[in-house]
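Open the model in your viewer and keep the selection panel at hand. We will go stop by stop.

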Amino acid sequence: KTPPPKLALPVNSSPLKFAKNKDINIYYDSLFMQSYKASPNVRLTNVNGLVNYNRQCCGKITSLADNYTSATTVTYIDSDLDNKVSNIVNYKVVNGATKTNKTANVLFVGDSFTEIGWWVDGIIGNAVSDGVTLNTIGTMDTSNSLGMTENQTGGTIANSFLGKRTESTYKVAVSSLTVKAYEVHFFKYSTYTSNGYTWTVTGFKIDTNGNGYLRLTTSSGTLPTSGTLTKTAGVGDTSIAFTGAKAINRNPFWNPTTDVIDFKNYISEWGFANPNILCFMFGWNDCSVPWDVNAIDGFINNIDNFITKFNTDYPTAKVIFAIPPFGYTRDPMQDVDGIKYVRLNTALKLFEKYKASTFVSIVPSYAFVDSINGYATLDFMPSPYYAETIKLGNGTGRSGAYDEVHNNEGGMKQIGDSVYPYIVDTLV
């Protein structure tokens, strides 16, 4: 017999967390170290409210008690029905409705998934429906402008947020702006000229009176202490007077004075409230070569360095790391099996590394995202608490709503659904 594939969930580790009274979808083909070309026969038992179907175990947990803890048996049977293996996975039921009127300050960080931001919007949508207030920290808005983040398209955690970056970046003070929000997104950046250079608005913090700060970046250039910005593309006032130009680093967490990562300096520089939660997601660019397990240990070390520094600066805050899905499984030009192999090996190592942690949670978001409809060009309603059916894009990349790497809005919000119970479970 061929040995059955390994389950990529936290076995003998911290529990999976399920949101009570919310739609839950767990997809069998994302649970095991097995090719997408194979069709696993999988069943989850002992979760009242979830039902097993051909592709997924799904439903809504309504009758189990709040904070109920138990274990589900995840059983795999191979295609010949002659090889069976079962794993015990602990779980906890979290009811966000019991956290009504609770508030948390959340710092969301990531790559292009976070730049698009729909998974963050999904988390915020859940929170709003439960009466929970999540104050998002950041200078870059999500696609639906529901929250703020720090992100870098195409970036890794190492080259974007662990070291000093080389782009010329300034923070400038502005006042009485008519446009108070900027689309800091791929294809949608606003650009201005000043001092002979073209500057991209890579962040902003503007109050309701139009007063605040812009972050401006160019490959190499300087700004005088005060001057005028003239718009060349995107949203924003046609002409903006600025004062107090201050050279900063494009890595928002890099302290240019001490040349180290400094979360406290970032919070102080931009005038944010102290974070209660760091919630971040990386993986695509960090382990981008299919089947390449050599990159995994370095990636995990970078994650740990980021977490350690944050924990040093904010020792009472919680950390949530979400592991993204593997890509559109029906894309003939994508080695999804190879990407899945790297991603799940990363997940297994992270589960083991942080299984005893009291402040770090690892979310297997890949298991909760539809690998077909989470990318396809269909009308799809991810959950009943979204009032509208989401009309997905035409396959022309992020400007058309999805590609073979980035989920459509429905798939992204499934990522948010998987992360939400981990966030509300930290609220006291």
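**Stop one: a small lining**

The residues lining the second largest cavity divide into six nonpolar, three polar and no charged. This is a predicted model. To see that lining, select Ser-30, Tyr-36, Pro-325, Phe-326, Gly-327, Tyr-366, Val-369, Ser-371 and Tyr-375. The cavity they line has a volume of about 30 Å³. How many cavities of 30 Å³ or more does the structure hold? There are two.

**Stop two: the barrel**

Now select strands 12, 15, 14, 13, 16 and 17. In that order they form a closed barrel of six strands, with antiparallel pairing. Neighbouring strands of this sheet are turned by 45° against each other on average, direction ignored.

Add helix 4, residues 263-270, which packs on the sheet. Helix 4 touches strand 12, strand 14 (197-206), strand 15 (212-218) and strand 17 (239-248). The direction of helix 4 makes about 120° with that of strand 15.

Next, isolate strand 13 (residues 191-194) and strand 16 (residues 227-233). These two pair in the antiparallel sense over three bridges. Which residue of strand 16 does Tyr-192 stand opposite? Pick Lys-231.

**Stop three: a loop glycine**

Select Gly-163. It sits in the loop between helix 3 (157-161) and strand 12 (168-174). Show its contacts, leaving aside neighbours within four places in sequence: Ala-158, Asn-249, Asn-251 and Trp-254.

Finish with a distance from Gly-163 to Gly-131, C-alpha to C-alpha. The two are 32 residues apart in sequence and 38 Å apart in space.

Technical notes:
Residues numbered from 1 in each chain as written. Predicted model: local features only at pLDDT ≥ 70, side-chain atom pairs only at ≥ 80, totals over all residues. Heavy atoms only, no water. Helix = DSSP H or I, 4+ residues; strand = E, 2+ residues; numbered from the N terminus. Contact = heavy atoms within 4.5 Å. 1 Å grid on protein atoms, 1.4 Å probe; cavity = no way out; pocket = protein on both sides within 12 Å on 5 of 7 lines; lining within 4 Å. Points joined across faces, edges and corners; volume = space filled by probe spheres on them. Nonpolar A, V, L, I, M, F, W, Y, C, P; charged D, E, K, R; others polar. Pairing = 2+ DSSP bridges. Axes fitted to C-alpha atoms, helices over the stretch in contact; angles between N-to-C directions.
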